[in-house]
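Student: Could you walk me through this model? I'd like to reason from the coordinates rather than just collect numbers.

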Amino acid sequence: MTKHRIGTQEEWQAERDMLLKEEKELTHRSDELARKRRELPWVRVEKGYTFDTADGTKSLAELFDGRSQLLVYHFMFGPPYEAGCTVCSSIADTLDPQVVHLKARDVTLICSSRAPIEKLLAYRGRMGWTFNWVSTAGSDFHRDLGFAYTNAELKTFLDGEIPPTVKQMAMLSGTDVASYVSEGPGLSAYALEDGAVCRTYVTTARGLEPAMAYYGLLDRTARGRHEEGELEHWLRRHDEYETG
């Protein structure tokens, strides 16, 4: 027998109507935040970053692929990793089908990582993705945006008690904890105007949740995310789940 509160259809509808008002308020607030994001000042990218791609070395401007806007997901896949981060892989599952739709709105979406391009392309093949993936090997691109860290910067964290989920994710990526957390996830946005590249937006952590579609769906189920107290993260790569 369920322990959850049981009500009548009329009680449910009354509370649902009240909740809908709050949901609409949140939607309007989200629209306002989106407007403020668009109004942020642009920062010209002066550094000459280069990227290894499946088609050779390219500049940041060339990654736009003929469009005026570029979205880059900074995928945690460091040089010593044997496989891409599990969480980033789940995000890439959401991003991959969006590439064609974003192209229709003058936006190119790619992923970038610090591992060699050969590793990235091999893993992309395993996962069945088709988005363009570039390697920043030898570049400070991730570092300059705050998505790559030194051992000195991580010392306090590494000297402390490492959360079990961090150990788990490092193991699933085939690397040690220090190498795993030296990478960070993020999303950065760029505009190309008159040959100049400008950075327009950067986010990380829970700012990435729009690219984690499963959380938005779980938030609408009876038990929600249901992660409290779990010592291991439930996420797996899509070819590693035991249930169909």
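What follows is a short back-and-forth between a student and a tutor about this predicted model.

Student: Let's start broad: how many helices and strands are there in the protein?

Tutor: Keep in mind that this is a predicted model. Its C-alpha trace spans about 65 × 45 × 35 Å along the principal axes, and buried residues make up 38% of the 244 residues. As for the elements, the protein has nine helices and eight strands.

Student: Is strand S5 largely enclosed or open, and how many of its residues are buried?

Tutor: In a regular strand, side chains alternate between the two faces of the sheet. On one side of S5 sit Val107, Leu109, Cys111 and Ser113, on the other Thr108, Ile110 and Ser112, and all of these are buried. With the whole of residues 107-113 under the 20% cut-off, the strand is largely enclosed by the rest of the structure, so the count you want is seven of the seven.

Student: Which residue in S6 is the bridge partner of Ile110?

Tutor: Take the strands that pair with S5. S4 (residues 69-74) runs parallel to S5 over six bridges, and there Val72 stands opposite Ile110. S6 (residues 132-135) is also parallel to S5, joined by four bridges. In S6, the partner of Ile110 is Asn132.

Student: And what is the handedness of the crossover from S5 to S6?

Tutor: S5 and S6 run parallel, and Ile110 in S5 bridges to Asn132 in S6. The chain gets from S5 to S6 by way of helix H4 (residues 117-127), making a β-α-β crossover that is right-handed.

Student: How many disulfides does the count come to?

Tutor: A disulfide is a covalent bond between the sulfur atoms of two cysteines. Look at Cys85, which is buried at 1% relative accessible area: its closest cysteine sulfur belongs to Cys88, 4.0 Å away, and that's too far for a bond. The cut-off is 2.5 Å between sulfurs, and by that rule the total is zero.

Student: Is Cys198 buried or exposed?

Tutor: The number to check is its relative accessibility, with 20% as the upper limit for being buried. Cys198 comes out at 11%, so the verdict is buried.

Student: Now the largest pocket: which element gives the most to its lining?

Tutor: The pocket holds about 1,500 Å³ of space and is lined by 39 residues, with Arg37, Leu187, Tyr201, Gly207 and Pro210 lying nearest its centre. The elements giving two or more residues to that lining are helix H1 (9-38), S4, S5, S7 (186-193), S8 (196-203) and helix H9 (213-218). Of the lining, nine residues come from the top contributor, H1.

Student: How many nonpolar residues are in that lining?

Tutor: Sort the lining by class, and remember that Gly goes with the polar group here. Eight of the lining residues are polar and nine are charged, while the nonpolar ones number 22.

Student: Which residue in the loop between S7 and S8 has a positive phi although it is not a glycine?

Tutor: Most residues other than glycine have a negative phi. One exception is Asp106, in the loop between helix H3 (99-103) and S5, with a phi of about 65° and a partly exposed relative accessible area of 31%. The loop between S7 and S8 has one too, exposed at 83%, and with a phi of about 55° that residue is Asp194.

Student: How far apart in space are Thr94 and Gly184?

Tutor: Thr94 lies in helix H2 (residues 86-95) and counts as buried at 18% relative accessibility. Along the sequence, Thr94 and Gly184 are 90 residues apart, and C-alpha to C-alpha the gap is 18 Å.

Student: Last one: what separates the C-alpha atoms of Asn151 and Pro41?

Tutor: Asn151 is in helix H6 (residues 151-159) and counts as exposed, at 54% relative accessibility. Asn151 and Pro41 are 110 residues apart along the chain, and the distance between their C-alpha atoms is 33 Å.

How values were computed:
Residues are numbered from 1 along each chain as its sequence is written. This is a predicted model: local features need pLDDT of at least 70, side-chain atom pairs count only at pLDDT 80 or more; totals for chains, interfaces and linings use all residues. Side-chain values use heavy atoms; hydrogens and water are left out. Buried means under 20% relative accessible area, exposed over 50%, partly exposed in between (1.4 Å probe, protein chains only). Two strands pair if DSSP finds at least two bridges between them. A crossover is right-handed if, with the strands pointing away from the viewer, the path from the first strand over the helix to the second runs clockwise. On a 1 Å grid over the protein atoms alone, a cavity is a set of points where a 1.4 Å probe fits but cannot get out, and a pocket is an open set with protein on both sides within 12 Å along at least five of seven lines; lining residues have an atom within 4 Å of a point. Grid points are joined across faces, edges and corners, and a volume is the space filled by probe spheres set on the points.
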